[in-house]
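Me: Could you take a close look at one part of this model for me? Short sentences, please, and explain each term as you go.

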Amino acid sequence: MRYPPKSQAPEYLDAPDQDPVEFAGLLEAIRRTNRWYGGRTLILGYLRRFAAVIPHRPLTILDVATASADIPAAIAAWARKSGLPVRIAALDINLDILAAARETVRGLPEVALVRGNAIALPFPDRSIDVVICALSLHHFSFDDAAAVLREIDRVARSGFVVNDILRSWTAYAGILADTWLLSRNRLARRDGPLSVRRSFTWPEYHDLVRAAGLRGVWVRRHRLMRAVLVRWPQGLHEHETRMRPSGEARYGR
Ligand SMILES: C[S@@+](CC[C@H](N)C(=O)[O-])C[C@H]1O[C@@H](n2cnc3c(N)ncnc32)[C@H](O)[C@@H]1O
């Protein structure tokens with residue numbers, strides 16, 4: 001079998017009424033994944049390039065499906081260090097998760113938490129400079145993931161960066177090993193490998209972009225089994241020479 005079989009089983013992360021201590025451990029496992037496996041660095045690498053060519057200040061950013069908002073917090077810390085004024089909206093549908101996010105963003109007034117649905121983002125067209133979304137498309141069915149991409153594209157004024165896991169045996173083995181060897185959390189041990197089985201293959205990411213009808217969007221393959229979908233701010237891709245992925249294709253003009 002070329003890919004791990006697709007699963008539609010719901011993750012504990014999306015299921016109500018979890019034990020609060022176990023649930024907090026699951027959120028910590030996601031933050032650790034971002035710290036250890038380049039989730040934050042990946043987003044910051046793109047944002048640095050975007051910020052260099054987008055003149056609008058404060059730079060407005062929306063993080064769709066933010067979980068405990070550690071990526072917005074990392075962006076705020078980086079922006080402060082770089083002297084870049086930012087305003088970040090961190091959106092999630094789950095109130096328990098947003099309660100955890102409140103702790104993460106304490107003392108960061110540039111980050112606002114928003115409860116909302118990624119399938120119907122509560123923002124007008126082209127109202128936010130950059131929209132980001134990490135490790136979240138696999139929480140949706142194919143049709144809903146296409147709808148989320150359409151929403152992100154609608155709201156993003158200058159560009160967007162969406163990334164998620166590539167469904168592959170390497171990712172499956174890696175996450176299985178990570179969650180069983182390095183975590184004792186029952187929810188993370190099930191959700192980790194399941195999230196690989198819920199995610200999309202390299203050809204399916206291309207299908208998603210086509211199904212969403214997106215134009216001018218690049219599908220890129222990054223290390224550590226990530227697919228990245230990017231709409232670059234005007235003219236930027238042509239000058240971008242450093243973050244070369246191992247594969248990429250462009251859809252629409
Ligand atoms: C794996 S977590 C996201 C991780 C986070 N973006 C990061 O990179 O650390 C997936 C998130 O999607 C959220 N989610 C699921 N369905 C959603 C929806 N319809 N609208 C908004 N958020 C949703 C969940 O509540 C969860 O916080």
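The close look starts at strand β7 and then moves on to a few other places.

Reply: First, the ground rules. This is a predicted model, where local features need pLDDT of at least 70, side-chain atom pairs count only at pLDDT 80 or more, and totals for chains, interfaces and linings use all residues. Residues are numbered from 1 along each chain as its sequence is written.

Strand β7 covers residues 226–231. Strands (E, at least two residues) and helices (H or I, at least four residues) are DSSP runs, numbered from the N terminus. The strand is mostly covered, with 6 of its 6 residues buried. Buried means that 20 or more other C-beta atoms lie within 10 Å of a residue's own; 12 or fewer means exposed, in between means partly exposed, and C-beta atoms are placed from the backbone.

Now look at the two directions. R226, V228 and V230 point one way from β7, while A227, L229 and R231 point the other way. Buried residues appear on both sides. In a regular strand, side chains alternate between the two faces of the sheet.

Next, the partners. Two strands pair if DSSP finds at least two bridges between them. Strand β5 (residues 156–165) pairs with β7 in the antiparallel sense, over 6 bridges. There, V161 stands opposite V230. Strand β6 (residues 217–222) also runs antiparallel to β7, joined by 5 bridges. Here V219 is the residue opposite L229. The hairpin of β6 and β7 has 3 residues between the strands. In this hairpin, L224 takes a positive phi near 60°.

L224 has company. A65 also has phi near 60°, a positive value in a residue other than glycine. A65 lies in the loop between β1 and α3. A65 counts as buried because 22 other C-beta atoms lie within 10 Å. D17 has a positive phi near 60° as well. D17 sits in the segment before α1. D17 counts as exposed because it has 7 C-beta neighbours inside 10 Å.

A65 leads to the ligand. There are 21 residues around the ligand, and A65, A67, I93, A118 and A134 come nearest. Near means that a residue's C-beta atom, placed from the backbone, lies within 6 Å of the molecule or strand. The elements giving two or more residues to this shell are α1 (20–36) and α3 (70–82).

Take α3. Helix α3 has 13 residues and reaches 18 Å from its first C-alpha to its last, close to the 18 Å expected at 1.5 Å a residue. The expected span is 1.5 Å times one less than the number of residues. Among its buried residues are I75, A76 and A79. G83 follows α3, with a positive phi near 70°.

One last stop: V86, in strand β2 (residues 86–92). V86 is buried because 22 other C-beta atoms lie within 10 Å. Leaving aside neighbours within four places in sequence, its contacts include P58, I75, A76 and A79. Contact means C-beta atoms, placed from the backbone, within 7 Å. P58 lies in the loop between α2 (39–53) and β1 (59–64). The peptide bond from R57 to P58 is cis, with omega near -5°.

Terms used: Two residues are in contact if their C-beta atoms, placed from the backbone, lie within 7 Å.
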